[in-house]
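Subject: Structure for your review

Dear colleague,

Please find below the structure that I agreed to hand over to you. I would be grateful if you kept it open while reading the notes that come after it.

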Amino acid sequence: MNHLKLRLGRRAPKTAIILGSSLGPVAAAVGDPLIIPYTDLPDFPVPRVSGHAGRIVVGRLGGAEVAVLQGRAHPYESGNAAVMRPAIEMLKGAGIETLILTNAAGSLKPAIRAGSLMLITDHINYSGMNPLIGQHGDENFVSLTDAYDPALRKRFIAAARAEDIALEQGVYVWFSGPSFETPAEIRMFQMIGAAAVGMSTVPETIIARRLGLKVAGLSVITNLAAGIEGANPSHEETKSEGAKAVGHMKRLLARYFAGT
Ligand code: HPA
């Protein structure tokens, strides 16, 4: 039995959005909201990190019906890279076809400053973990070419242009956390071609692609990564800078769903 589907009733969102650290207030843009706390859904992973409310807001955004997840559980909370699998499976079982993943991230490029939005073009899994480890069957050899759907990316680029919001594009590297990176690690990430670093999203993308969902990813840059111009990131900074990007993220998503 899919408990989310039961709770949705006649509502039938086809897209889910997972809101990262401090982006929860983006859900205020959702009209006619139905609110479902994660704790109402058996087996749904509940985040234990501050800045993640832990509820689904279902309603209308820019003309589309969506399910907005305020917060995610992270692999660093438990060591389980597949921690979000039950959530993504439940979304799929409730009719979701597209997953939009958002996160807070550190910038590896001095030109991409705090407050910027970045469309994820590809990722590097630097965690040493994979959420599909231990799963059996040939379906687990999932292709991650074009994991971040090119058509959805085009739609976001068009939406950003229409809203006059600067949208950076680049590769996101997953570092397990919860400690931040060292400046030496950040220099390595710069060398291997990443533009942003964070502690989420990649395992969710892998799980979603395994389940056949389309994926898009957006990072809110909350800081320059460790050591860049002397940066010394903190969770406080992630939360306060993430909150400042809420307005842009709301507008970008609303325009994306309005079809630009
Ligand atoms: N590193 C990793 N994760 C992050 C950062 C960072 O600098 N900023 C926000 N999330």
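The notes below begin with the overall fold, continue with the ligand and its surroundings, and end with two details of the backbone.

Please bear in mind that this is a predicted model.

Overall fold

The protein contains 7 helices and 9 strands. Its radius of gyration is 17 Å, close to the 18 Å given by the globule rule for 260 residues, so the protein is as compact as a globular protein of that length. Measured out along the principal axes, the C-alpha trace spans about 50 × 45 × 35 Å.

The ligand and its surroundings

Where does the ligand sit? It occupies the largest pocket. The elements that contribute two or more residues to the shell around it are β5 (98-107), β8 (196-198) and β9 (214-224). Of these, β5 provides the largest share of the shell, 3 residues.

The residues around the ligand are A104, A105, G106, F180, E181, V197, G198, M199, T222, N223, P233 and T238. When you look through this shell by residue type, you will find 6 nonpolar, 5 polar and 1 charged.

Three of the shell residues deserve a separate look, as each places an atom by a nitrogen atom of the ligand:

- G106 does so through its backbone, with an N or O atom that lies 3.3 Å from a nitrogen atom of the ligand.
- T222 uses its side chain, in which a polar atom lies 3.4 Å from a nitrogen atom of the ligand.
- N223 also uses its side chain, where an N or O atom is 2.7 Å from a nitrogen atom of the ligand.

How much of the ligand's surface does the protein bury? Taken alone, the ligand exposes 260 Å², and the protein buries 96% of that.

Two details of the backbone

The first detail is a peptide bond. G177 and P178 are joined by a cis peptide bond, with omega at about 0 degrees. To find this place in the model, look in the loop between β7 (167-174) and α4 (183-191), where P178 is located.

The second detail concerns D32, which belongs to strand β2 (residues 31-37). Although D32 is not a glycine, its phi is positive, at about 50 degrees.

I suggest that you go through the points in the order given, with the structure beside the text.

Yours sincerely,
A colleague

Methods. Residues are numbered from 1 along each chain as its sequence is written. This is a predicted model: local features need pLDDT of at least 70, side-chain atom pairs count only at pLDDT 80 or more; totals for chains, interfaces and linings use all residues. Side-chain values use heavy atoms; hydrogens and water are left out. A residue is near a molecule or strand if one of its heavy atoms lies within 4 Å of it. A polar contact is a pair of N or O atoms within 3.5 Å; within protein, one must be able to donate a hydrogen and the other to accept it, and residues adjacent in sequence count only if both atoms are side-chain atoms. Accessible areas come from the Shrake-Rupley method with a 1.4 Å probe; for residues, only the protein chains shown count as cover. On a 1 Å grid over the protein atoms alone, a cavity is a set of points where a 1.4 Å probe fits but cannot get out, and a pocket is an open set with protein on both sides within 12 Å along at least five of seven lines; lining residues have an atom within 4 Å of a point. A molecule sits in a cavity or pocket if more than half of its atoms lie within 2 Å of its grid points. Helices (H or I, at least four residues) and strands (E, at least two) are DSSP runs, numbered from the N terminus. Ala, Val, Leu, Ile, Met, Phe, Trp, Tyr, Cys and Pro count as nonpolar, Asp, Glu, Lys and Arg as charged, and the others, Gly among them, as polar. The radius of gyration is taken over C-alpha atoms; the globule rule is 2.2 Å times the number of residues to the power 0.38.
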